Amino acid sequence: MIKLYNTLTRRKEVFQPLTPGEVKMYACGITVSGNAHIGHLYQAMIYDIIRKIFVKNGYHVKYARNYTDIDDKIIAKANELGMDSAQYARDMIKKIDEEMQYFQIDEPDLWLKATENIDNIIDFVEKLVEKGYAYPTKNGDVYYSVDKFKRYGCLSNRNLEDALEGYRIDNDEEKNSPLDFALWKSAKPGEPFWQSPWGKGRPGWHIECSTMNMAAFGDQIDIHGGGRDLIFPHHENEIAQTEALTGKQFARYWIHNGLIKVNGQKMSKSLGNSIILEDLRKKYHPEVVKFALLQNSYRSDINLTDDIFEQAEKHIQGFHQILAQIEAKYVA
């Protein structure tokens, strides 16, 4: 019997799959706008382990992760480097894949990319417009109408008033409500674009995961995972748009891992305290990094102090010395 803490219900529950013996599992991946950091590694590690636990317990697991390979930051970074944004994204995905392999993270069963699902995304958005949950603007954007989905806030335990507080709002004059979010974004001059019924544009961030889930698994999945920072608005918006389209519960179990802190502070580019995988792999063996990251419950935040990896290295060396002594005594 496997029990999971379900963010949706805010309690531990016995896992009961949609189909006996099978697990459909999706975890949000990386937006490839820059180097992967230790938070990306931690999230990938957690869901790789959860997948393996299910396999060990006899389940057939179909596990999918995604790469967001088109968004504002990717375009901006590619422009800064004088590169085509699609090529920049491909180069970053290759680099991140190599780094994850170094840290012994197994590949998911399915890798999903936003740019490979544009037709599916357009179809998804069209159906939401037809059902009255979304509306196009004269500028060629399409927004989801949050107040049409009565269960909005069910995952984050917020009502619409609470949702407005502390949430960065895009003050587009064509939006019916400040909380409405973009499903399709009209292309600005010089940006990559795809043709759509609303003109040249590209997908919004939230619609990507809903569409890729549906393409990979159908209307429903067992488990949806990600970092705790994705509960609102990203996962909340996924529920709203997917369940508005299908009329079914999207994911039965929502799992969220804790976040990384560095010496007590939130890890962020603005603070300059991000721990980049490219640097980390030059200093430490994968076992050392895993030992440091897996000392807490996956739902708890991790505070990476200055000496945490050195201490982990000493522990790992001690383990190997004991194993070598046992082997020398009993195997020789």
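C209 is buried, at a relative accessible area of 2%. That value comes from a predicted model, as does everything below.

**The cysteine pair**

C209 sits in no disulfide. The nearest cysteine sulfur is that of C28, 3.8 Å away. A disulfide needs two cysteine sulfur atoms within 2.5 Å, so the gap of 3.8 Å between C28 and C209 is too far for a bond. The count of disulfides by this rule is 0. C28 is also buried, with a relative accessible area of 4%.

**Helix α6**

C209 is one of the buried residues of α6. This helix covers residues 205-217. How many of its 13 residues are buried? The number is 10, and α6 is mostly covered. The buried set starts with a run: H206, I207, E208, C209, S210, T211, M212 and N213. A216 and F217 complete the list.

The length of α6 checks out. Its 13 residues should span 18 Å at 1.5 Å a residue, because the expected span counts one less than the number of residues. The end C-alpha atoms lie 19 Å apart, which agrees. Just after the helix comes G218, with a positive phi of about 95°.

**Accessibility at four sites**

The table sets the two cysteines beside S274 and I326.

| Residue | Relative accessible area | Class |
|---|---|---|
| C28 | 4% | buried |
| C209 | 2% | buried |
| S274 | 26% | partly exposed |
| I326 | 43% | partly exposed |

**S274 in its loop**

Where is S274 found? It lies in the loop between β13 (265-266) and α8 (277-283). S274 is partly exposed because its relative accessible area, 26%, falls between the 20% and 50% cut-offs. With neighbours within four places in sequence left aside, S274 is in contact with M267, S268 and K269. I260 is 14 residues away from S274 in sequence. In space, the two are 9.5 Å apart, C-alpha to C-alpha.

**A nonpolar surface patch**

I326 belongs to helix α10 (residues 308-330). At 43% relative accessible area, I326 is partly exposed. Which residues form a nonpolar patch on the surface with I326? They are I322, L323, Y330 and V331. Together with I326, these residues have about 550 Å² of accessible area.

Notes:
Residues are numbered from 1 along each chain as its sequence is written. This is a predicted model: local features need pLDDT of at least 70, side-chain atom pairs count only at pLDDT 80 or more; totals for chains, interfaces and linings use all residues. Side-chain values use heavy atoms; hydrogens and water are left out. Buried means under 20% relative accessible area, exposed over 50%, partly exposed in between (1.4 Å probe, protein chains only). Helices (H or I, at least four residues) and strands (E, at least two) are DSSP runs, numbered from the N terminus. Contact means heavy atoms within 4.5 Å. Patches are made of residues with over 30% relative accessible area and no salt bridge: like charges are joined within 9 Å, nonpolar side chains (Val, Leu, Ile, Met, Phe, Trp, Tyr) within 5 Å. Accessible areas come from the Shrake-Rupley method with a 1.4 Å probe; for residues, only the protein chains shown count as cover. A salt bridge is a side-chain nitrogen of Lys or Arg within 4 Å of a carboxyl oxygen of Asp or Glu.
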